[in-house]
Amino acid sequence: MKIEVAKSDLDNALAVAGLALGSASDLSSHYLFRIRDGGVEVLTFDLRLFASAPVICNYEGDDGEAFTLEGWRLDKWVAGVADGVLKFSTGKDGEVTASSTRSKVRFRSLDPAKYPYMDELLKHSTVAGSIDPLSLARALSVS
């Protein structure tokens, strides 16, 4: 699996998905990148919260392919690289190579098959109601 993404697009996706990034030293502290339905998404969970964000990027791979990256390491690396295109590619033994214009780093990926995907939960969910976005923003700012 290979991904090429602009740093700004990755920053935006990680900002959303990072809301549910766990702090333990297990799979909950990892970002999971997955190809699904003709695009790439990044997922996180913190045992009670799940987050997902689409990643605007070019990619090579098949539907369902995935890898994980340790959250704090990816956040530090992305914060330290210059704007431009970032490249991620999977290799042997769960290794993910990330590169920018001036740096290259290797990450270890945990087994994505053990990730608690929320796909089945969403299939069985029903809409209980809807809230106007501006009303929700006002309510949250007051609280």
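## Salt bridges

A salt bridge is a side-chain nitrogen of Lys or Arg within 4 Å of a carboxyl oxygen of Asp or Glu. By that rule, Asp 37 and Arg 36 form one through their side chains, at 3.9 Å from N to O. Before going on, note that this is a predicted model, where local features need pLDDT of at least 70 and side-chain atom pairs count only at pLDDT 80 or more, while totals for chains, interfaces and linings use all residues. Residues are numbered from 1 along each chain as its sequence is written, and side-chain values use heavy atoms, with hydrogens and water left out.

The structure has three salt bridges, and their surroundings can be described by accessibility: buried means under 20% relative accessible area, exposed means over 50%, and partly exposed is in between (1.4 Å probe, protein chains only). Asp 37 is exposed at 66%, while its partner Arg 36 is partly exposed at 32%. Arg 34 and Glu 41 make another bridge, with 2.5 Å from N to O. Here Arg 34 is buried, at 7% relative accessibility, and Glu 41 is buried too, at 12%.

## A bridge between two strands

Then there's the pair Arg 106 and Glu 95, whose side chains meet at 3.8 Å, N to O. Arg 106 sits in strand E9 (residues 104-108) and Glu 95 in strand E8 (residues 95-99), so this salt bridge ties together parts eleven residues apart in sequence. A word on those labels: helices (H or I, at least four residues) and strands (E, at least two) are DSSP runs, numbered from the N terminus. Arg 106 is exposed, with a relative accessible area of 56%, and Glu 95 is partly exposed at 26%.

Strand E8 is also home to Thr 97, which is buried at 18%. Setting aside residues up to four places away in sequence, Thr 97 touches Lys 87, Phe 88, Ser 89, Lys 104, Val 105 and Arg 106 (contact means heavy atoms within 4.5 Å).

## The nonpolar cores

In soluble globular proteins, nonpolar side chains tend to be buried together. A nonpolar core, as used here, is a set of buried Ala, Val, Leu, Ile, Met, Phe, Trp, Tyr and Cys residues joined through side-chain atoms within 4.5 Å. The largest one in this model has 27 residues, and the members touching the most others are Ile 3, Phe 33, Val 42, Leu 74, Trp 77 and Phe 88. Helix H1 (residues 7-17) supplies the largest share of this core, four residues. There's a second, separate core of seven residues, including Leu 43, Phe 45, Ala 66 and Met 118.

## Strand E6 and its surroundings

How many of the five residues of strand E6 (residues 66-70) are buried? Four are, so the strand is largely enclosed by the rest of the structure. E6 pairs with strand E2 (residues 30-36) in the antiparallel sense, over five bridges; two strands pair if DSSP finds at least two bridges between them. Across this pairing, Phe 33 stands opposite Phe 67 in E6.

Next comes Ser 109, in the loop between E9 and helix H3 (119-123). Is Ser 109 buried or exposed? Ser 109 is buried, with a relative accessible area of 16%. A polar atom of the Ser 109 side chain lies 2.9 Å from the backbone nitrogen of Thr 68. Leaving out neighbours within four places in sequence, Ser 109 is in contact with Phe 67, Thr 68, Gly 94 and Val 96.

Key
Polar contact = N/O pair within 3.5 Å; in protein donor to acceptor, adjacent residues only side chain to side chain.
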